[in-house]
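Here are some notes for a colleague who is going through the ligand sites. Please read them with the coordinates open.

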Amino acid sequence: MTLEITTARPESALLDLPWSTPLEEWPETYLAALPRGISRHVVRFVKLGPRVLAVKEIKDDIADREYAMLRNLRRLDVPSVEPFGVVHGRATADGEPLDACLITRHLQFSLPYRALYSQNLRPHTAVRLMDALALLLVRLHLEGFWWGDVSLSNTLFRRDAGAFAAYLVDAETGELHTRLSDGQREHDLDIARINIAGELMDLAAGGFLEEQADPFEVSASIIERYHTLWGTLTGTERFESGDRWRVEERIRRLNELGFDVDELSITTDIGGTEIVITPKVVDAGHHSRRLLRLTGLDVGENQARRLLNDLDAYAAATDRQGEDEEIVAHDWLARIYEPVTRAVPRELTGRLEPAEIFHEVLEHRWYMSERAGHDTPIEDALRDYVATVLPAKPEEKAVLGVDTEEMPVISRFD
Amino acid sequence: MPAHPGGHHLYNGSSGTFLPVKEGNEAMATVTFDNATRQYPGNPVPSVDKLNIEIADGEFLVLVGPSGCGKSTSLRMLAGLEEVNGGRILIGDRDVTNLSPKDRDVAMVFQNYALYPHMTVADNMGFALKIAGVDKAEIRKRVEEAAKILDLTPYLDRKPKALSGGQRQRVAMGRAIVRSPQVFLMDEPLSNLDAKLRVQTRTQIASLQRRLGVTTVYVTHDQVEAMTMGDRVAVLKDGILQQCDSPRRMYDHPANVFVAGFIGSPAMNLMEVPVTDGGVDLHGHTVPVAREDLTGVGKNVTLGVRPEDLELSSDQSGIPVTVDVVEELGADAYIYGSTEQKLLEATGENAGAVPFIARVDGRRPPEKGDKIFLKPKSGHVHVFNAESGLRVGD
Ligand SMILES: Nc1ncnc2c1ncn2[C@@H]1O[C@H](COP(=O)(O)OP(=O)(O)OP(=O)(O)O)[C@@H](O)[C@H]1O
Ligand SMILES: Nc1ncnc2c1ncn2[C@@H]1O[C@H](COP(=O)(O)OP(=O)(O)O)[C@@H](O)[C@H]1O
Ligand SMILES: [Mg+2]
Ligand SMILES: [Mg+2]
């Protein structure tokens, strides 16, 4: 049998991996010890030059399908792991055929929920995870993607200015349609509810779940969060023609939620007394796109919101609100943002993403100011944060000090 | 939660749709497709066109057909995942056409299951009942019953880590079973298993279904799987039901040329032959067919003979076949060869060499390159209208 590697980024080092060995038996020298969620297939993280890849051993046709699906999702710009390649034609030295491998890039700074739960947690973590997952599900559904296996294990979380951003990691069961029926959306929600309840009950059985979180309530809450969000994003509103400000108001509300309105249908009745509006095309990433345009920074939606607020505050404080936005943004980047993120000692840069550190420094300044009863300069807040807060945080870029035994990978068939 | 005589409603995790939790005896879980139609927007023709099937309580019905024929769409219409554009779908006497998936009491099973490492096998099987608010004693009872059926009783208090792969798979099945759905739906559940495990799991599912007696609709593109598992098999082509019968009846009385060629492995030999007095003419040999069946069929019909319904003729009459490959299987041997399609009076055309398969006595099989003559065993031919493809006579 001949080894066949399909990848968008040909990389000769891929050929050096021990493809003729079952993934479960790969020598440790190749592996990166990273935590992962519960899964039926064998999944391992592999070091390849400067990057870390996730390798999943899976049936040949499903590997191709999942690879293609992940590529579609990237094209649609929904948050998901990045497909890297598929390896077919594997066989052991004795000629026994082995399953294919699906390769994705390890999502930097992402946390599987079980790793999150083995750290010291802020309260309401479970609830914040539900918020992130509900948003992800809405975004997937807006694009016509039916997931079919919604769960915490099939999601990765990134810190996003105190909240979390969710990324899809397992597209094995997914289907892409032009439009989803209500039944299909409800189906995904019910899958989510049962899976999440099971996952949280398992955490509780292991003594990891925060005490105030009830697996039943938390898992059921995703449904309500989802419906509220879906309603705001797609619902039809009617009002008197005198209340035209409500069109602007709707768009502002969607922007605040992080969505741009690319198409809005506005109709009036024959007499022109009533106006009916329905958002037709909404596009997530309102804040992150704006920040990217102004500063070139590519960060999470909440982080972007936070940074933009700070930019506005900077413009106000320096009395430059009337000036060209891009020039002010350029100065803010050079004078405020970069000095803060650059001040982090090298050995601590793997703890958190730069934008998250910036967010935490702002938070820290707020606490310090409150305690002191007056404004604290950001330089002081930064110094104190780097000295006292950051060193106590775990490394989240790649290697976490978590016992991966707690997250065993369950292969489907031995 | 919506009221239903079945009691609570439950959802069966990553494995699929909605499961009811039964309390005591249920109403009859028959399933009726009544002219059910699904046309996707933008498609010129329906993907499922006026489907009519009545599935009995406890029956194992298999939907089979080539890729794209509408099997999955039919199943998803029943699950409530696809809109029904015309006709109705009933479960028992309930019209579920416009019900949301979770109000239908159907369960899509055996798809994706991950087991939770900190929970015992019993908890892994019963947790969804807990979510539905079923009381502890009742959960334990059902879990124990399911464990017994699945040979898992000794492992109930262990963690999944201590189980073998096959046992883990059975725990996953147990999750669906404890919730006693009214109808099980399975869409190619074996498609990601390797060949060996596939055959093994196939038998397991079929015998489990019989013991549980839960009405089941099963989708596969593999006719062998369909014929070995189903009480009845429904063959679909281009969104249209071709035939729905027991495997035996389907095999012995295919309703049309498509079913005749699709069901059975190796496939039935099909050839166009002229109609004569008292039957049809097969290379000078008259195969008797009742006169009344042949009225109005035209000059030619399509004749079908299964490979095992042929015998070697000693007198050089019958179908002349040139042997290409002989596959010896002990008592039997399969001959793969070709025959010259005879000049047909109607068209005057020669169809040339067409493939032909026959099963012969394995003790004295012909050899590669031999020219042999085969005759259908009497009463074992299938006659189809050459134009409509429909079966002629019984
Ligand atoms: N690109 C990636 N970056 C980070 N983590 C990853 C990546 N790919 C996989 N993982 C981790 O591996 C785990 C298992 O992967 P995945 O869900 O794809 O496996 P699976 O066997 O298909 O799961 P399931 O049993 O849900 O079908 C995930 O929960 C995630 O924690
Ligand atoms: N979401 C969809 N949108 C448009 N057409 C579809 C969709 N799903 C299925 N179809 C069409 O319906 C037909 C039947 O599909 P399907 O039920 O998946 O077939 P099967 O399960 O028999 O392979 C396909 O040929 C396809 O063209
Ligand atoms: Mg997974
Ligand atoms: Mg998966």
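Which atom of G68(B) lies 2.7 Å from an oxygen atom of ligand 2?

1. The atom in question is a backbone N or O atom of G68(B), and its partner is an oxygen atom of ligand 2. It should be kept in mind throughout that this is a predicted model. Beside G68(B), a polar backbone atom of C69(B) is found 3.2 Å from an oxygen atom of ligand 2, while the side chain of Y40(B) places an N or O atom 3.1 Å from a nitrogen atom of the ligand. On its own, ligand 2 would expose 560 Å², of which the protein buries 67%.

2. As to its setting, ligand 2 lies between chains A and B. Its surroundings include H177(A) on the one side and, from chain B, residues such as N43(B), S47(B), P66(B), K71(B), S72(B) and T73(B) on the other. By residue class, the shell around ligand 2 is made up of eight polar residues, three nonpolar ones and one charged one.

3. Ligand 1 is surrounded by 22 residues, with G37(A), R40(A), H41(A), K56(A) and S153(A) as the closest. For H41(A), an N or O atom of the side chain is 2.7 Å from an oxygen atom of ligand 1. Two nitrogen contacts can be added: the side chain of T104(A) has an N or O atom 2.8 Å from a nitrogen atom of ligand 1, and a backbone N or O atom of L107(A) lies 3.2 Å from a nitrogen atom of this ligand. The protein covers 97% of the 630 Å² of accessible area that ligand 1 has when taken alone.

4. Turning to the metals, the magnesium ion that is ligand 3 is coordinated by N154(A) through OD1 and by D170(A) through OD, at distances of 1.9 to 2.3 Å. These two residues are 16 residues apart and link distant parts of the chain, N154(A) being in the loop between β7 (145-146) and β8 (155-160) of chain A and D170(A) in the loop between β9 (163-168) and β10 (175-176) of chain A.

5. The other magnesium ion, ligand 4, is coordinated by D170(A), listed twice through OD, and by E172(A) through OE, at 2.0 to 2.8 Å. The two magnesium ions, ligand 3 and ligand 4, are 3.7 Å apart, and D170(A) coordinates both.

6. Are the coordinating residues of the ligand 4 site, D170(A) and E172(A), buried or exposed? Both are buried. D170(A) counts as buried because its relative accessibility is 10%, under the 20% limit. N154(A), from the ligand 3 site, is likewise buried, with a relative accessible area of 6%.

7. A last point concerns V87(A), a residue of strand β4 (residues 82-88) of chain A. Its relative accessible area is 0%, and V87(A) is therefore buried. Leaving aside residues up to four places away in sequence, V87(A) touches L3(A), E4(A), I5(A), W19(A), A100(A), C101(A) and I103(A). As for D380(A), the C-alpha atoms of V87(A) and D380(A) are 52 Å apart in space, with their positions 293 residues apart in sequence as the separation.

Methods: Residues numbered from 1 in each chain as written. Chains lettered and ligands numbered in written order. Predicted model: local features only at pLDDT ≥ 70, side-chain atom pairs only at ≥ 80, totals over all residues. Heavy atoms only, no water. Near = heavy atom within 4 Å. Polar contact = N/O pair within 3.5 Å; in protein donor to acceptor, adjacent residues only side chain to side chain. Areas by Shrake-Rupley, 256 points an atom, 1.4 Å probe, with all protein chains shown as cover. Nonpolar A, V, L, I, M, F, W, Y, C, P; charged D, E, K, R; others polar. Donors = N, O, S within 2.8 Å, 3.2 Å for Na, K, Ca; no water. Helix = DSSP H or I, 4+ residues; strand = E, 2+ residues; numbered from the N terminus. Buried < 20%, exposed > 50% of the residue type's maximum accessible area, 1.4 Å probe, protein only. Contact = heavy atoms within 4.5 Å.
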